[in-house]
Protein chains: 2
Amino acid sequence: MSTAPGGHPPPHAPTLADLAREAGTSRSTASRALSGRGYVSPEARDRLFAAAERLGYVPNASARTLKQRRSRVVGVIVSDLGNQFYARLAAGIEQILRERGYHMVIVGDNSDGVEELTAARTFLAMHAPGVIITPGAPDATAFLLRRGLPVVEVDRRMSEQSCDAVVIDNVRGGRVAVDHLLSLGHRRIAHLGVDTDWTSDAGRLEGYRQAHRAAGIPIDERLVLRIASHDPSAEARIVELLSRESPTAVFAANNILAQQAWRAIRTRGLALPGGVSLVGFDDVQWMEMVSPAITVVDQPTFELGRRAAALLLRRLEEPGSAPTVELLQPSLLVRGSTAPPA
Amino acid sequence: MSTAPGGHPPPHAPTLADLAREAGTSRSTASRALSGRGYVSPEARDRLFAAAERLGYVPNASARTLKQRRSRVVGVIVSDLGNQFYARLAAGIEQILRERGYHMVIVGDNSDGVEELTAARTFLAMHAPGVIITPGAPDATAFLLRRGLPVVEVDRRMSEQSCDAVVIDNVRGGRVAVDHLLSLGHRRIAHLGVDTDWTSDAGRLEGYRQAHRAAGIPIDERLVLRIASHDPSAEARIVELLSRESPTAVFAANNILAQQAWRAIRTRGLALPGGVSLVGFDDVQWMEMVSPAITVVDQPTFELGRRAAALLLRRLEEPGSAPTVELLQPSLLVRGSTAPPA
DNA sequence: CTGTTAGCGCGTTCAG
DNA sequence: CTGAACGCGCTAACAG
């Protein structure tokens, strides 16, 4: 009799030992039967499965992790779960992980290096099989790598040492955006970027420069604005740029900045694209819904997440192989917010 | 000498036993020192902390969970991480959890009952201290409750048994939206809802009915449309409703339906709000950016997540208390998409 | 094909 | 205040 008298929450969750007793086998046979590896006679197997069913057996993940020194829960660190970009990235990661029998524990650092390191420690403590991170600093990656945990950097690369990564071809994205504007005849193109040392933004800026260089057009550095991530005066600063420097076009290097630029343009009372043209980076919902719709460099965000997860899982299977960097291509969606300058 | 010769990934992560050896104490003393509970002399304590620092000791979470029969990782199940609503909800949950030293493992079922149950089993296996769920069916909650795991249902209540929950006052939200339209003079108001048995949508529909009843206006049931979650013909069906029934206003009961309604209105070539008025539910970015901006019943999504997490943590501290249901109030944001009928 | 044995790393008695 | 001893539930040897 192992069921509780009242039928209420049983005294303890059934363990392998309970199963074994019920089925008249040893614990190891039960283990082999349920985990699928190792030989076990069909009859014993059936009895064990029946017992598992009857008792509502659920294997204890911690015990398994303790023994195997590796869990099935991969760690994920993103800058900000509230941002659509990171949310979609996470959704992509989660999808692949779940398909393959893994799970994810996710933490949002707020682009804060200390939080990143704390999360890294946690993942180490949990014996995560690996970690996927949108790094804000190189430290967390370095820490994990040093301790032997596989890391995939996604969206940007921050690690000094080489590790797996999957990123967008940001230089190309920036290049394509600005080429588009230049070909429309723009010569005073503002660049709105984030004030970080992220490779993503650096790449987009580099693309901006390359495009100018290729066209033989000098860059007026007063048009290049760097705005901190949660700067409350962002919109005001863009308004000011608009009025002081009179750019004929604006390239906003992420979806937040694009939104702020869009607002600033309204605030300033400029017509779009009549008064100024706007190109964004990272297509999000509103960009297609406003009128005119926003021309944008689209990036495969969901796919970025999927690839990162797939890459991590691959490394788990082949630990030896050389670090891989996957480069995903962005694509320009020309919509109504860009036109030749007045 | 316990450091590895090459300084490369050490043979194994340092354990409490290593610390104890380094500091010349026993394992249990080391345990007490690091976990903070239990007596230990200051000198021993210092030596142990120093050793921990030096060796880069990180406690093994699985071992701890195994021993204590409870992890620090709460399970979270949401319908769709890619939907802004759920993403913000998750962000709220994560914030509170992290503040309090917990983490979250999140899975997106696609409103699929089987996936929900699978996830529930996983959380049970992981010995999660509790689970937060946006339920699509009552089964997962029932399963977890039966096994003694605290559950908080969020956004909608599906459980037959009573359990903690935090939801929006959806009846009120629907009521307020439709009252607004009625007071503008609308008499033919379409209702767009999801084809599920979720209490959230049922509540909004109930609010719609209440408002009509209170105003003494009969409802033309042909104006009440139910659309399945990922119905590809959603927009087409709305277009059809628009042309066949000629409502003067539309109440779309979630952000997806609002978007589809907005598109349908454009497709149909109707002026907004001249040809038809539109009220949404759940304020998202684009609603404020399009023109005219969309009148909407706003709900505190992020706060919903925070409350759910806080409620779960409270229950962990006081397991005995009666189930709590928190009701958060929505608020109507009147914008440009509503006006008196032509 | 199966059972016995021996830990995985930690927290928690219980003597000292 | 400290250490010795045990067990959480599972799996990986190794005999049989």
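A residue counts as near a DNA strand if its C-beta atom, placed from the backbone, lies within 6 Å of that strand. Keep that in mind for the first two views of this predicted model.

**View 1. Around DNA strand D, both protein chains show up.** With that cut-off, 25 residues sit around DNA strand D, and the ones that come nearest are A:Thr15, A:Leu16, A:Ala63, B:Ser26 and B:Ser41. Look for α2 (27-35) and α4 (61-68) of chain A, along with α2 (27-35) and α4 of chain B: each supplies at least two residues of this surface. The top contributor here is α4(A), with 5 residues. Sorted by class, the surface near DNA strand D has 12 polar, 8 nonpolar and 5 charged residues.

**View 2. Now over to DNA strand C.** Here 27 residues surround the strand, and A:Ser41, B:Thr15, B:Leu16, B:Ser28 and B:Ala63 are the closest. The elements giving two or more residues to this surface are α2 and α4 of chain A plus α2 and α4 of chain B. The surface near DNA strand C splits into 13 polar, 8 nonpolar and 6 charged residues.

**View 3. Here is where chain B meets chain A.** Each partner puts in its share: 38 residues come from chain B and 38 residues from chain A. On the chain B side, α4 (61-68), α5 (84-99), β2 (103-108), α6 (113-125) and α12 (285-289) each give two or more residues. Of these, α5(B) gives the most, with 7 residues. The side of chain B that touches chain A is made up of 21 nonpolar, 12 polar and 5 charged residues.

**View 4. How do the two copies line up?** Turn chain B by 180 degrees, with 0.0 Å of shift along the axis, and it superposes on chain A with an RMSD of 0.1 Å. The two copies are therefore related as by a two-fold rotation axis. What's more, 100% of the interface residues of chain B are also interface residues in chain A, so the copies meet through the same surface.

**View 5. Zooming in on a sheet in chain A.** This open sheet has 6 strands, in the order β7-β6-β8-β9-β10-β12, with mixed pairing. At the edges stand β7 (224-227) and β12 (331-333) of chain A, each with a single partner strand, so one side of each has no neighbour in the sheet. From one strand to the next, the twist averages 20 degrees.

**View 6. Two helices pack on that sheet.** Helix α8 (residues 170-183) of chain A touches β6, β8 (249-252), β9 (277-281), β10 (295-298) and β12 of chain A, and its direction makes about 165 degrees with that of β9(A). Helix α11 (residues 255-267) of chain A touches β6, β7, β8 and β9 of chain A, and its direction makes about 160 degrees with that of β9(A).

**View 7. Follow the pairing, strand by strand.** Strand β6 (residues 189-194) of chain A pairs with β7(A) in the parallel sense over 4 bridges, and A:His191 has A:Val224 in β7(A) as its bridge partner. Parallel pairing also links β9(A) and β10(A), over 3 bridges, with A:Gly280 standing opposite A:Val296 in β10(A). By contrast, β10(A) and β12(A) run antiparallel and are joined by 3 bridges; here A:Asp298 has A:Ser331 in β12(A) as its bridge partner.

**View 8. How confident is the prediction for chain A?** The average pLDDT of chain A is 92, and 97% of its residues score at least 70. Over residues 1-10 of chain A, though, pLDDT stays under 50. Where pLDDT is low, the predicted coordinates shouldn't be read in detail.

Key. Residues are numbered from 1 along each chain as its sequence is written. Chains are lettered from A and ligands numbered from 1 in the order in which they are written. This is a predicted model: local features need pLDDT of at least 70, side-chain atom pairs count only at pLDDT 80 or more; totals for chains, interfaces and linings use all residues. Two residues are in contact if their C-beta atoms, placed from the backbone, lie within 7 Å. Ala, Val, Leu, Ile, Met, Phe, Trp, Tyr, Cys and Pro count as nonpolar, Asp, Glu, Lys and Arg as charged, and the others, Gly among them, as polar. Copies are superposed by least squares on the C-alpha atoms of residues with pLDDT of at least 70 in both. Two strands pair if DSSP finds at least two bridges between them. Axes are lines fitted to C-alpha atoms, for helices over the stretch in contact, and angles run from 0 to 180 degrees between N-to-C directions. pLDDT is the predictor's confidence in each residue, from 0 to 100.
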